[in-house]
Amino acid sequence: MSGEDGYFDEPVAARYDESSAEMFSPERVDPVVDLLAELAGDGRALELAIGTGRIAVPLAQRGVPVHGIELSKAMAARLREKPGADEIGVTIGDFTSTRVDGTFTVAYLVYNTINNVTTQAEQTETFRNAAGHLQPGGTFVIEVGVPSLQRLPPGETVRPFDLSPDHVGFDEYDVAVQGLRSHHFSLVDGSWQYLSMPFRYVWPSELDLMAELAGMRLRDRWSDWSREPFTAESRKHVSVWEKLR
Ligand SMILES: C[S@@+](CC[C@H](N)C(=O)[O-])C[C@H]1O[C@@H](n2cnc3c(N)ncnc32)[C@H](O)[C@@H]1O
């Protein structure tokens, strides 16, 4: 890891919006904001890992007060440059443990970022921390991929996930510890750059148990933000847990 900003240091932050451009499209963002605004109701929203504000900025523009927790000062600095960002509070820290004043009606952690904490204990602490910020009846929302082990041939540890002219990506699995390391080769300004990042993949049922440990219960699980059913074929899920009253 490069320093106190973690893997999302200045060079990564500088390219984040461009390299994730498709995730910033209205088709991707609008259904997320629709659901989160509905869950927030008249209350406040807390984003764990707010990043450069991909979701927080449009959610705040809908009139929902948003606060974010973010490890990377470089990512938070990009957020602060954006129009409307002065409405959004950001606390620099680790979302497994950082506390923010006040209570919230919804907390959310999207774009697979629960996987960025690489131990089961830290993922469980993330649920406890989210629950600690919620009003009774408030909800915690996670968007994360279903571990794609069915696509890993027996005996193999590496799977390609992208093969484009300017990016090649491989995922490397360590099934003993639910480890997943993504290797990225990106063409930047005419030269290839290499970056690798560790993750911990996590099962939907395991997340439900983490929620139970944190005093929450599963309310909904969909296969995407437009609330399509979650099935055996689903490659990701959007799950909503409610803090028990
Ligand atoms: C893939 S980006 C997602 C950012 C934003 N939520 C979005 O949807 O665009 C992951 C973010 O998580 C942040 N992050 C990773 N681990 C973190 C942790 N333990 N605590 C706080 N932020 C963390 C990174 O710095 C980065 O900004």
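This walk-through goes from the ligand site to two helices, then to a few polar contacts and loop residues. Keep in mind throughout that the model is predicted.

Let us begin at the ligand. There are 19 residues around it, and Y16, E47, A49, E70 and F95 are the ones that come nearest. Sorted by class, this shell holds ten nonpolar, five polar and four charged residues. Some of the surroundings reach nitrogen atoms of the ligand through the backbone: a backbone N or O atom of A49 sits 2.7 Å from a ligand nitrogen, and a backbone N or O atom of L71 sits 3.2 Å from a ligand nitrogen. D94 takes part through its side chain instead, with a polar atom 3.0 Å from a nitrogen atom of the ligand. How much of the ligand's accessible area does the protein cover? On its own the ligand has 590 Å² of accessible area, and the protein covers 94% of that.

A useful residue to visit next is T52, in the loop between β1 (45–48) and α3. Is T52 buried or exposed? With a relative accessible area of 1%, T52 falls under the 20% cut-off and therefore counts as buried. Its side chain is joined to that of D17 by a polar contact of 2.7 Å. Setting aside neighbours within four places in sequence, T52 is in contact with Y16, D17, F24, M75, R78, L79 and K82. Y16 is a name you have already met, as one of the residues that come nearest to the ligand.

Now turn to helix α2, which covers residues 26–40. A quick geometry check is possible here: 15 residues at 1.5 Å each should span 21 Å, because the expected span uses one less than the number of residues. The end C-alpha atoms of α2 are 20 Å apart, which agrees with that expectation. The buried residues of this helix are V29, V32, V33, L35, L36, A37, L39 and A40. What covers them? The cover includes α3 (56–61) and the strands β4 (104–109), β5 (134–145), β10 (216–222) and β11 (236–243). Just after the helix comes G41, with a positive phi near 55 degrees.

Helix α6 (residues 204–213) can be read in a similar way. Its buried residues are P204, E206, L207, D208, M210 and A211, and they pack against α5 (120–133), β5, β9 (191–200), β10 and β11. The strands β5, β10 and β11 were also named in the cover of the buried residues of α2. After α6 comes G215, whose phi is positive, near 80 degrees.

The buried list of α6 includes the acidic residue D208, so which residues does D208 touch, leaving out those up to four places away in sequence? The answer is L218, R221 and W241. The side chain of D208 makes a polar contact of 2.9 Å with the side chain of W241, and a polar contact of 2.8 Å joins the side chains of D208 and R221.

R221 itself is placed in strand β10. Its relative accessibility is 17%, which means that R221 counts as buried. Beyond D208, the side chain of R221 also has a polar contact with the side chain of H237, at 3.4 Å. Not counting residues up to four places away in sequence, R221 touches P204, D208, F230, H237, V238, S239 and W241. One of these, V238, is 17 residues from R221 along the chain, and their C-alpha atoms are separated by 5.7 Å. W241 is worth a second look on your display, since it is touched by D208 and by R221.

To finish, have a look at two loop residues whose backbone angles may catch your eye. N112 lies in the loop between β4 and α5, and has a positive phi of about 65 degrees although it is not a glycine. N112 counts as partly exposed because its relative accessibility is 31%. D189 lies in the loop between β8 (179–188) and β9. Phi of D189 is also positive, near 50 degrees, in a residue other than glycine. Is D189 buried or exposed? Its relative accessible area is 81%, so D189 is exposed.

Notes
Residues are numbered from 1 along each chain as its sequence is written. This is a predicted model: local features need pLDDT of at least 70, side-chain atom pairs count only at pLDDT 80 or more; totals for chains, interfaces and linings use all residues. Side-chain values use heavy atoms; hydrogens and water are left out. A residue is near a molecule or strand if one of its heavy atoms lies within 4 Å of it. A polar contact is a pair of N or O atoms within 3.5 Å; within protein, one must be able to donate a hydrogen and the other to accept it, and residues adjacent in sequence count only if both atoms are side-chain atoms. Accessible areas come from the Shrake-Rupley method with a 1.4 Å probe; for residues, only the protein chains shown count as cover. Ala, Val, Leu, Ile, Met, Phe, Trp, Tyr, Cys and Pro count as nonpolar, Asp, Glu, Lys and Arg as charged, and the others, Gly among them, as polar. Helices (H or I, at least four residues) and strands (E, at least two) are DSSP runs, numbered from the N terminus. Buried means under 20% relative accessible area, exposed over 50%, partly exposed in between (1.4 Å probe, protein chains only). Contact means heavy atoms within 4.5 Å.
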